[in-house]
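User: Could you take a close look at the salt bridges in this one and walk me through them?

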Amino acid sequence: AVPEARTDWLIQYWQALNRPMREVMELSEMGVAKFAREFYIPKRTVEDWKAGKRPPLPYTKLLIQESLGIFRRHPPREAYTGILSDEDLSDAMENL
């Protein structure tokens, strides 16, 4: 059985990967120029992302959303309940 917290996190992961950059930028409440400066990305690149002309690489999209607090990279501890022993879970969490 997969813990509900794990399933919820997987859904959030999928949503973050498929969230349009236009929406990410709206959630950030930053304009194109400020967004570009904040993340050290060329303004033209951010404009292209926002317009949907070309997508960012998936890891870039996830890192930006993590930085903005929209997405949490690591599943919560509860996501591993019943999958890992407490000792293995503690070891895994220390090595993140």
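Analyst: Sure, with a bit of housekeeping to start. This is a predicted model, so to speak of local features we need pLDDT of at least 70, side-chain atom pairs count only at pLDDT 80 or more, and totals for chains, interfaces and linings use all residues. Residues are numbered from 1 along each chain as its sequence is written, and side-chain values use heavy atoms, with hydrogens and water left out.

Searching the whole structure turns up four salt bridges, a salt bridge being a side-chain nitrogen of Lys or Arg within 4 Å of a carboxyl oxygen of Asp or Glu.

Let's go to helix α4, residues 43–51 (helices, H or I, are DSSP runs of at least four residues, numbered from the N terminus). Glu47 pairs with Lys43 there, at 3.9 Å from N to O; the two sit four residues apart, about one turn of the helix. Glu47 also bridges to Arg44, with the closest N and O atoms 3.3 Å apart, and that pair is three residues apart in α4, again about one turn. Through the shared partner, Lys43, Arg44 and Glu47 end up in one network.

How open is this trio? Taking buried as under 20% relative accessible area, exposed as over 50% and partly exposed as in between (1.4 Å probe, protein chains only), Arg44 is exposed at 55%. Lys43 is partly exposed at 46%, and Glu47 is partly exposed too, at 29%.

Elsewhere, Glu23 forms a salt bridge with Arg19, with 3.5 Å between the closest N and O atoms. Here Arg19 is buried at 14%, while Glu23 is partly exposed at 35%.
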